[in-house]
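Visitor: I would like to take a close look at a single part of this structure. Please guide me through it slowly, with each term explained.

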Amino acid sequence: MTISENLMTTMTMIGKAIEKGAIDDTRSYLQNCETITTNGLPGVRADKINTNLSKMVASDDVEIKMFSRSSWKGVLVVDNGNKMLFSVCTKNTLDRVTKNTTRRSPHYAQTMVNTINKDEVAEVKQMTIADFDPTFTVIFSEEDFEKDFFSIMEDAVCEYDGYRFWVVSYEVEKFVMKSLSAILMDKDFDRVQEISILEALKPNFGELTAVEPKQEKKKDVRSLLSVKAGIPASKSTEFEKRTEILPKSVEESKEA
């Protein structure tokens with residue numbers, strides 16, 4: 001898929017919202033929380049990121065869609081201009097979701113890839129249980145996914161025909177962003193395309209340290225003037241006159 005400039009702009013703004021929430025906002029929270037433990041930190045970080053998505057990414061073409069999973073509330077970025085849906089999660093969470101095969105209900109990302117991205121096919125496929133056991137069947141049916149999609153988006157899947165679902169995965173270690181990528185996956189969670197957002201967030205040090213070319217200093221008008229050879233000093237300009245200093249003995253001989 002070709003990534004347009006508009007789509008890259010949306011991805012970059014999502015990246016900035018994540019970076020601010022996971023680093024600056026979380027650091028500020030830890031400095032001011034005044035508790036001896038920080039067990040709620042993962043939830044706080046997610047809340048900070050979701051709030052930043054609402055403040056920094058939402059626009060006339062981009063909607064922030066909230067949905068519920070029991071007591072947990074999630075957020076999807078709906079880019080109607082580019083026909084894209086985005087979800088945000090940590091790298092560890094994404095790895096855990098893709099490896100869990102014993103769910104009683106679909107994970108929302110699982111529902112999205114099995115509805116919105118059902119026609120996507122990754123070039124490199126991972127082996128699944130079905131590859132070893134032909135009698136193995138998927139736990140959830142197409143109808144299950146469509147019902148779950150409706151519970152999330154409050155719209156039928158057909159209303160999002162032509163859209164694609166991306167997961168923006170990030171990893172932070174000691175307040176340093178280690179990875180930040182937008183990932184397009186097929187229904188098996190195999191990667192169709194991955195775009196690094198981290199590079200887009202790095203400052204251009206070349207521009208920050210660029211020195212403006214020095215402007216040529218205007219020459220003083222006096223430097224443009226000269227005394228024509230042979231003209232007595234008395235007729236030269238005042239600023240070019242020089243006081244003649246002679247040794248004392250010479251002065252005395254002149255007076256004598």
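Which residues of H2 are buried?

Guide: A word on the model comes before the answer. This is a predicted model, in which local features need pLDDT of at least 70 and side-chain atom pairs count only at pLDDT 80 or more, while totals for chains, interfaces and linings use all residues. Residues are numbered from 1 along each chain as its sequence is written, and side-chain values use heavy atoms, with hydrogens and water left out.

The buried residues of H2 are Leu41, Val44, Ile49, Asn52 and Leu53, where buried means under 20% relative accessible area, exposed means over 50%, and partly exposed lies in between, using a 1.4 Å probe and protein chains only. Helices (H or I, at least four residues) and strands (E, at least two) are DSSP runs, numbered from the N terminus. Helix H2 covers residues 41-56, and because its 16 residues should span 22 Å at 1.5 Å a residue, the 22 Å between its end C-alpha atoms agrees with what is expected; the expected span is 1.5 Å times one less than the number of residues.

What covers the buried residues of H2 includes helix H1 (5-32), together with strand E1 (62-69), strand E2 (72-79), strand E3 (84-90) and strand E4 (164-173). Within helix H1 lies Gly21, which counts as buried because its relative accessibility is 0%. Contact means heavy atoms within 4.5 Å, and, not counting residues up to four places away in sequence, Gly21 touches Thr26, Arg45, Lys48, Ile49 and Asn52. Gly21 and Asn52 are 31 residues apart in sequence, yet their C-alpha atoms are 6.7 Å apart in space.

Strand E4, which is among the elements covering the buried residues of H2, also takes part in a charged pair. A salt bridge is a side-chain nitrogen of Lys or Arg within 4 Å of a carboxyl oxygen of Asp or Glu, and the structure holds 12 of these salt bridges. In one of them, Glu120 pairs with Arg164, with the closest N and O atoms 2.4 Å apart. Glu120 lies in the loop between helix H4 (108-113) and helix H5 (129-132), whereas Arg164 lies in strand E4, so the pair ties together parts that are 44 residues apart in sequence. Glu120 itself is buried, with a relative accessible area of 15%.
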